[in-house]
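Reader: I should like to request a close look at a single part of this model, set in the context of the chain that holds it. Please give one connected account.

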Amino acid sequence: MMRTRTLKPLVGALIVGSFAASCLDVGEDRARADLEVGRGAAGDVKVRVVDGLATIRSASDSELRLWNSAPTVAIELTGETSRTLELTLDNAMPAGQLSGEPASAVTVTALAAERPTQKRYSVELTGAGPATLRFATVSALDRTAFRFAVLSDVQEAIDDVRDIYTKVNDEGVEFLLGAGDLTQQGTVEQLERYQAELRSLNVPYYTTLGNHELGQNPTLWHDYFGRGNFSFEYHAVRFTMLDSASATIDPMVYGWLEGWLESSQDGTHVVAMHIPPTDPIGVRNGSFGSRAEAAKLLRRLAAGGVDLTLYGHIHSYYEFDNGGVPAYISGGGGAIPERFDGVGRHFLTVDVHPDNGVSSVRLVAVDD
Amino acid sequence: MKRILLCAFPACVGLVAPTASAQSLQLPRTAALTSAATASLTSDAKESRADGDNQDDGAIPVTPVTGSRPLAVVGSIVPGVLLHGSGQWLLGRRKTAHRLLLAEAAGVGGVLGGLAGLAVTGASRYLVIPFAWATIAGVGLFGFSLIADIHATVLTDEQKGRAATLTAPVEVSVGYNHVYDPQFRYRNFFKHTATFRTGAWAFGPRLESAVDDKNYRLSADVAYRFVGPRPDVRSNSGSFVDAAVTATRHAYVSDGFAITTVEATARARLDLRDFDPHLSGGYVQLDPGLAVSSIRYDLPTDERELTDLLLMRMTYGIYLNRPTDVAGDEIALYYDHRHDGYAAGLKLTGLGSGVPGHFGTRARFWPLDDFGFSLEGEVGSALVGGLSLWYRERKQ
């Protein structure tokens with residue numbers, strides 16, 4: 001009897017342990033999906049977006065539609081026959097322009113578009129070899145100061161999000177940075193609704209995902225908004241977006257992060273993710289599941305010379321330091337707010353310079 | 001010793017009425033399990049000086065089973081998963097069934113109330129502690145009332161174990177832990193623990209040290225026992241209430257940071273025979289607390305930051321059939337809301353990401369009375385599995 005009673009719990013523990021082992025790499029599927037973003041084909045033309053900084057929304061023999069995740073996007077097209085593609089770039093910088101090279105392989109003609117953040121082009125491929133399209137603003141490489149905004153945690157408040165966009169449009173920002181939880185459950189309908197609402201925003205919205213986007217199909221996000229983990233430069237300031245939607249960073253992504261940190265060791269570097277490594281209210285633990293992993297990440301960010309960390313997830317506003325790096329939590333998109341904090345719907349504006357770092361972070365209240 | 005062993009057998013159980021010794025400590029009765037966290041012990045729990053000669057076997061009368069046990073076992077699962085106490089009800093132990101159903105209702109109430117409070121307040125920084133505790137305790141009550149019903153239905157009264165009547169003055173262990181955490185290089189640890197008890201006081205140092213990485217966790221724990229078995233005070237019940245203060249230094253040397261934590265916890269165990277005699281052989285334990293941590297980053301600027309941590313550990317344990325004067329064999333399953341340590345918090349893919357702590361199980365056996373072994377396993381951000389060898393010094 002004793003033996004039987006001893007074994008039963010141990011067998012149970014083994015079953016639970018086996019199940020749990022498969023749950024330790026909860027972000028792995030999404031990290032792997034990142035690697036596939038921007039890869040596809042338009043008919044017999046192979047398409048590859050460099051660094052996955054745009055996702056292919058649709059593609060056919062005559063049409064290619066991308067959703068940009070960064071101000072500068074390079075697209076490699078490989079095909080052996082001549083073809084004309086109608087290229088649509090959504091979520092694009094209003095001042096951006098598309099160029100193609102080599103001239104022997106591609107010709108680009110601008111077409112009329114519906115709104116400031118949409119660009120349309122006729123792309124003629126001669127079939128003379130691979131072609132690279134590059135979308136960028138003329139001043140993208142200038143080392144000048146600029147302003148961007150930060151917004152996250154809209155969720156069920158999508159019906160009122162245009163109030164926020166109206167105010168963002170008045171702030172003179174180059175783009176809006178998102179720290180996740182755009183939707184309530186990440187369904188197809190909700191993701192499409194969010195993109196539809198973005199039509200009223202006059203600047204692009206570069207964002208990673210939050211835990212609310214994991215509701216049904218965790219990689220559905222990639223079809224609509226692209227990578228969860230990515231990094232880009234604008235005016236020589238590096239921006240790194242990390243997928244912390246599962247309260248952890250996938251081990252594979254730590255390897256990518258090392259490269260992004262090295263590339264901006266001496267410059268200005270802004271890092272954003274949804275769930276913060278640490279919650280300023282530690283007893284709440286609206287943060288990473290492991291305090292040790294949080295400390296490991298923050299130590300790497302600090303050692304890598306990161307200048308600013310931006311988070312969502314907690315529906316309030318907090319300003320604090322983590323690992324000595326200035327940190328802001330801004331979950332003011334309208335989702336159920338933290339009560340008694342005196343903070344309502346809001347977004348942040350950040351003034352940044354490639355050489356001088358972050359000069360100001362300002363909270364903009366939406367409901368005065 | 002011989003008398004206690006004999007009394008674990010059926011001829012004794014249910015026939016020997018409890019008798020109070022001259023030196024016994026009468027404790028208040030409570031029927032509500034929620035009172036367990038604040039020292040709920042019943043009149044059946046008696047304590048006496050360990051060197052006294054009026055040792056009480058503590059047997060409690062039980063109601064004979066009137067229903068079919070196989071049917072009751074099935075009933076404890078279906079519909080028992082929803083209606084806790086179904087197994088006991090089918091055995092004809094209606095009062096026990098009602099108590100378990102009440103515990104389930106209290107658990108559901110705690111969960112719903114806690115979650116509702118968190119939702120309505122948006123997990124407000126000012127109210128998160130009571131609502132989080134209510135939620136976790138509610139889950140614990142729900143789990144306890146389910147498992148206790150199954151446990152008490154599957155086993156006959158004769159098969160149910162008993163708590164130790166005394167605690168050992170000294171317990172030491174050496175062991176090995178394997179830790180699989182995809183975020184860290186370490187895998188293999190040696191661990192050493194010791195507990196020294198004198199009267200109501202206990203001191204417990206503990207060290208876990210990686211052999212394949214520069215990582216160690218050193219802690220020291222001081223506890224005071226208000227009620228319950230001690231090296232010098234015998235108790236027929238395993239129920240106890242302790243207050244403890246623990247200091248921990250966890251150094252991640254090769255990762256460039258260290259976490260120093262000071263915590264205060266209450267440890268309240270309710271031997272279920274004090275709750276209902278038909279549930280004997282099991283216990284529930286609730287360990288709420290708060291901790292403050294200082295994180296030091298190995299950076300040129302020597303960065304440090306303070307944070308706090310909500311603690312709540314809920315355990316359901318089973319005493320196994322070898323009652324002795326000192327700690328006996330037992331198996332326990334627990335949820336620990338900690339997010340530090342090697343196991344840390346569970347990784348989830350959805351809305352609960354980051355919030356839950358980890359689950360664990362622990363089994364300890366004393367096949368040679370003075371020498372024993374234990375097996376441990378935890379599932380959180382990491383998988384932790386370990387084996388320890390134990391030695392204890394018993395009171396002569």
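How many helices and strands does chain A have? With that settled, please examine Gly228(A) closely: in which loop does Gly228(A) lie, and which residues does Gly228(A) touch?

Author: The model is a predicted one. Chain A has seven helices and 21 strands. Of its 368 residues, 59% are buried, and among the contacts in chain A with a separation of 6 or more, 68% are between residues 24 or more positions apart.

Gly228(A) belongs to the loop that runs between α5 (220-224) and β14 (230-234) of chain A. Its relative accessibility is 0%, and because buried means under 20%, Gly228(A) counts as buried. Leaving aside residues up to four places away in sequence, Gly228(A) touches Asp34(A), Thr208(A), Leu209(A), Trp221(A), His222(A), Met241(A), Leu242(A) and Asp243(A). A further link across the sequence concerns Ala33(A): 195 residues separate Ala33(A) from Gly228(A) along the chain, yet their C-alpha atoms are 8.9 Å apart.

Two of the residues just named lead to other parts of the chain. The first is Asp34(A), a contact of Gly228(A) that also takes part in the packing of helix α2(A) on helix α6(A). Helix α2 (residues 28-36) and helix α6 (residues 251-263) of chain A meet at an angle of about 45°, and their axes are 8 Å apart. The two helices are therefore oblique to each other. From α2(A), the contact involves Glu28(A), Ala31(A), Arg32(A), Asp34(A) and Leu35(A), while α6(A) supplies Met252(A), Val253(A) and Trp256(A). By class, the residues of this contact comprise five nonpolar, three charged and no polar.

The second is Met241(A), which is touched by Gly228(A) and also by Leu177(A). Leu177(A) and Phe148(A) have the most contacts inside the largest nonpolar core, a set of 51 residues. Both domain 1 (31-137) and domain 2 (146-365) of chain A contribute at least three residues to this core. Beyond four places in sequence, the residues that Leu177(A) touches include Phe148(A), Tyr205(A), Tyr206(A), Phe232(A), Phe239(A) and Leu310(A). Apart from this core lies another, of 50 residues, including Val253(A), Tyr254(A), Val271(A) and Phe189(B). Val253(A), a member of that other core, is also one of the α6(A) residues in the contact with α2(A). In soluble globular proteins, nonpolar side chains tend to be buried together.

Definitions and conventions: Residues are numbered from 1 along each chain as its sequence is written. Chains are lettered from A and ligands numbered from 1 in the order in which they are written. This is a predicted model: local features need pLDDT of at least 70, side-chain atom pairs count only at pLDDT 80 or more; totals for chains, interfaces and linings use all residues. Side-chain values use heavy atoms; hydrogens and water are left out. A nonpolar core is a set of buried Ala, Val, Leu, Ile, Met, Phe, Trp, Tyr and Cys residues joined through side-chain atoms within 4.5 Å. Buried means under 20% relative accessible area, exposed over 50%, partly exposed in between (1.4 Å probe, protein chains only). Domain bounds come from an automatic or database domain assignment. Contact means heavy atoms within 4.5 Å. Helices (H or I, at least four residues) and strands (E, at least two) are DSSP runs, numbered from the N terminus. Axes are lines fitted to C-alpha atoms, for helices over the stretch in contact, and angles run from 0 to 180 degrees between N-to-C directions. Angles under 35 degrees count as roughly parallel, over 145 as roughly antiparallel, 65 to 115 as roughly perpendicular and the rest as oblique. Ala, Val, Leu, Ile, Met, Phe, Trp, Tyr, Cys and Pro count as nonpolar, Asp, Glu, Lys and Arg as charged, and the others, Gly among them, as polar.
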